[in-house]
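This report is meant for someone meeting the structure for the first time. Please look over the sequence and the model before reading on.

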Amino acid sequence: MENKIVEMLHKNIFNNVYNMDKQKAENCLLKGYVSNVKSITLDEVLNISSKVKSEKYEKSIYYTNMEIDLHTKDLIFCECECEEYFLNYTWNGETKMCKHLLATFLKYEQSVKINNTKQGINDFLSKEPKVIPIADEVKILLRDIENIALEKWELMSLDVFINEFKQGKWWEVSFKIGGDKKYVLKNLEDFINYRRTGRTIAYGTAFTYDPDVHSFSQDDENIISFIEEYVDLAQMPNSRDIKFLKNKNLILSESAFKRFLKCVGNKIINYKSKNIEKKLKVKNEDMPLELSLKEEDNVLLLKQSKELIPISLTYSNEVFIFNNHIYIPSKNQLKLYMPFYNLLNKKNEIVFKKDYAYDVFNKVLPVINTISKKFNLDEKIEKMVEKSELSSNFYLDKNKDTIWCKIKINYGDISFDYIEGYKGEKYIIRDLEKEKNLEKSLEKLKFFRINDKFIFKGDDNELFTFLKEGIYKLGNLGEIYYSDRFKEQKLYNSKSISASIGSQGGFLDFSFSIGDIEPKEFKNILKAFKEKRKFYKLNNNCFFDFEDKKTKSFLNMLDILNNGKNLKGNKLKLEKNRAIYLSEKIEESCLDFIEGKSIVNDIASKIATISQIHYDIPKDLKANLREYQKIGFKWLKTLSHYGFGGILADEMGLGKTIQTIAFLLSEKDKKSLIVTPTSLIYNWKNEFEKFAPSIKLLILHGSKDSRLNLMNNIKDYDVIITTYGTLRNDFHIYKDLEFNYFIIDEAQNIKNPLAQSTEVVKEVKADVRFALTGTPMENNLLELWSIFDFIMPKYLYGRTRFQKEFMNNNNEGVFQELKKLIKPFILRRIKKDVMEELPDKIEKKFFVEMTEEQKKVYSTFVKNIQKKIKNRDIDKDRITVFSYLTKLRQLCLDPSLLVEGYIGESAKINTALDIIKDGIKLENKILLFSQFTSVLSNFKSELKKNKIEYFYLDGSIKAKERLRLVEEFNNNKNIKVFLISLKAGGTGLNLTSANMVIHFDPWWNPAVEDQATDRAHRFGQKNVVEVIKLISQGTVEEKIINMQENKKELISKVMNENLQQGSFLKTLSKKEIIELFSDR
């Protein structure tokens, strides 16, 4: 009868099939392309499925499926993945079978007729349902549960390689597979097909991939899912024959279908298939399964209601319709549920004989409890099982370079090793999901199951992270036990550090230790810290944590204190001038593990509270010091008391000279040397004679013979004043002298550390050194370093290290450290803060448009220069380049300086003359500064033409004559104009009678201009000072003004409170130089 039914089915199926199609199907069958034929009967519907190898695509496998109504003998559904079916059935909507479907039926028919296998139909013919599945099915189920639920698999991993081609629009991705050793994944289609069908595939003589043995991490599974989608697409017909877009339809492969559903989110979709048409919501979560277990007739029955059995939508059983939703369950639920699903799908119960009771309670129940939302046990069974909450213990151990972990699982009084599994006699319901999560947590910490333990497979970075953070995460999951060997794997941080400060003679002794780390490793630790590493791995494989906040602060402080060769093992010998920085750093960073803080705190507190310290102002000082000048006096006294140097950097006009004189007057029986620019030497002489006539003063200036004669009696004097040039010439005498105090005025004169004058100044022997300057930094930080290298040699390290640490580093934290270092030793006040009675200074920029004739000359020169520098190596020939700049600047002022026979006018001279005329009418007294004496000469002629009286000062005027000119200008009401060379008269002159300052030409450095301005805007000024800068519009002068702003930013960053990251103008770059010559 069965054969008759099959014959009737054959007739109905092949009734409308062409002979050629039938021959193709028979050919597939003969070649052995059809395999894995399965059949099942549900609700009088015969379902037949198989796998058919492709003839066209050698490595492709097509999955077929058909359903036949056994009452009507009609084909009600069929499906194949091949090109023929895809083209004919999908596009035309007809149920036309391809050769693979026909071959599948022929194979089924063959198995029924030849092998007498009545599978499927027999179910329909039999009137009595099966009561108990065959014993083999239960054995397979239990085996699958043991393998899948406990995952006794070997972990593999994928390495990913991406190569870019076609200009970044396309990429090639390849892979390697394996454990410790990786093998090239030669063919992706083979890998996916073999994996899907559970077959092994060899990748080398030493490695064969077995899907039933080897597992992957979740990240690797995600990658494999992505590969599957591409393999599905590759096994579809090629793109010339078919499109994945057809008018209104989007055609999805199985893997793409799953990914599309994940994109749908919370939308309601309209789903239609042969048996289903309804609105469904997609849920990317586990199915809320409901199962029950009860004892009945001496067997155990695991049941799931028929209406609650999910309907699979894909061959891979990854998407289901369940409870009026589409579910995309987790891989974990799928792995655990599928062995049950395959049996429950035949009949809604699985029957276990009492012989399998132990396996049911200890293997089946924990799995069902994990995958189901609701699991019902009858009362009799509930009394037989342990249902305590899970707890866990972790055991960390180490052997040489290998670290491992074991997990102990606890349910009430029952304990067992996680990997070995439970082997006791009592029944327990295990929480397999929580148990699995413990393993996943270990995997995240780079512990992977290998044989009977979890072995750490991470690198040094991951081990450091585990010791610092991961071990605490593990502690949240259960109690941790450490072996003595594991305890040797230490992580050092600030809790391991101890340090102390001592005082010996004029030095501080700083010593420290870090746990039991050998002192010989400290230099390497400091080196690693400076390289911005997260940690340092010690010789014993332990770690020192650099991310710990206090550790970072301590090592940063140690690096600052370590001046090259200072660190000897674990000891530093420090100058006491480091005490203030050390005190501030300890307090700021809460480095409470450092003992002896009181030694540095005492020094720091005195510097910080200078205004409260009492020092008597010398009674023989013939002047009344202002309050801020008294503080300056105390500051000098306090620093000298500790043997520290300092920079008195008050703004010009605040009386640095008088504060210094008061200090020297208070230091009786001390020998002092003052070095000053030539232009100021007699100003100092006059100030001493006026305010401290009791000091025995020696001026060493003038002819060599007179200087040598005076030096014979040098011991008879308290203070010696000389000039930078004279000191250089007479250094052979000074090198054998020693002074108590050495003071340099206008200290910016030693800003170039390589200049001979600088080297000579730094060679003079003195106990304490002070520098006076209103501009301790004009262009870059190296100038500041050079002055500090004078007042306290090596305090800011050597020049090379200073440049590396502070000039070649844009880290804001580095500049904050520099500020902490220099702050105690620089005293800077500005006029607006300490002299409320000082009138305002009003600054104006006058943009002057050149005359037409000037513009022509300027434009011609610019074009000529542009041609000359076009192919010139600017970096190697800057002298020539700057000579071009000088010419352009002169053209802005007065073209007659360069162009012989120029008969046109100078717009600037005309503008300056108009301003002076208007100023004179208002009874103003005017200072006009220019860098170019040739311009001043031309301007003198214009003043004479206009019968305007003036004074003139440049570098050729002797020091005594300068003082006479200054005094006369201040006292003469008739002479309203003073023409001054910027460099010759920018410092040391007191011209408070003037209330207008004209800068005829801008200079690169704004500090130099400010110094010149402060000849008038200083103590003693009673009027508002108007400062006018004349700028030729659209020329190199306008660009210079922009560069000035950058220099002001640099000075502000270091000298003022707002020390923040910004751009530094260290030198003019090639780009900036070219920009100066642009005609824009």
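## A parallel pairing inside a sheet

Strand β39, which covers residues 672-676, pairs with strand β42, residues 738-744, in the parallel sense, and four bridges join the two. One residue pair can be picked out here, since Ser672 has Tyr741 of β42 as its bridge partner. The model is a predicted one, and the features described below should be read with that in mind.

This pairing belongs to an open sheet of seven strands, whose order is β40-β41-β39-β42-β43-β38-β44 and whose pairing is parallel. At the edges of the sheet stand β40 (697-700) and β44 (826-827), each of which pairs on one side only.

## Aromatic pairs

A total of 43 aromatic pairs is found in the structure. In one of them, the ring centres of Phe456 and Phe466 are 6.5 Å apart and the planes meet at 35°, so this pair counts as tilted. Because Phe456 belongs to strand β28 (residues 453-456) while Phe466 belongs to helix α14 (residues 460-475), the pair ties together parts that are ten residues apart in sequence.

Are these two residues buried or exposed? Buried means under 20% relative accessible area; Phe456 counts as buried because its relative accessibility is 11%, and Phe466 counts as buried because its value is 1%.

Elsewhere, ring pairs link five residues into a cluster, namely Phe510, Phe512, Phe522, Phe554 and Phe593.

## Charges over rings

Lysine side chains also meet aromatic rings in this model, as two examples show. Lys22 lies over the face of Phe14, at 5.6 Å from the centre of the ring. In the other example, the charged end of Lys908 sits over the ring of Phe1000, and the distance to the ring centre is 5.6 Å.

## A nonpolar patch on the surface

On the surface, a nonpolar patch is formed by Val160, Ile162, Trp171 and Val173, which together have about 390 Å² of accessible area. The elements that contribute two or more residues to this patch are β5 (154-165) and β6 (170-178).

Val173, one of the patch residues, has its place in strand β6. Its relative accessibility is 41%, and therefore Val173 counts as partly exposed, a class that lies between the limits of under 20% for buried and over 50% for exposed.

Conventions. Residues are numbered from 1 along each chain as its sequence is written. This is a predicted model: local features need pLDDT of at least 70, side-chain atom pairs count only at pLDDT 80 or more; totals for chains, interfaces and linings use all residues. Side-chain values use heavy atoms; hydrogens and water are left out. Patches are made of residues with over 30% relative accessible area and no salt bridge: like charges are joined within 9 Å, nonpolar side chains (Val, Leu, Ile, Met, Phe, Trp, Tyr) within 5 Å. Accessible areas come from the Shrake-Rupley method with a 1.4 Å probe; for residues, only the protein chains shown count as cover. A salt bridge is a side-chain nitrogen of Lys or Arg within 4 Å of a carboxyl oxygen of Asp or Glu. Buried means under 20% relative accessible area, exposed over 50%, partly exposed in between (1.4 Å probe, protein chains only). Rings of Phe, Tyr and Trp (its six-membered ring) pair if their centres lie within 6.5 Å; planes under 30 degrees apart count as stacked, over 60 as edge-to-face and the rest as tilted. A charge sits over a ring if NZ of Lys or CZ of Arg is within 6 Å of the ring centre and within 35 degrees of the ring normal. Two strands pair if DSSP finds at least two bridges between them.
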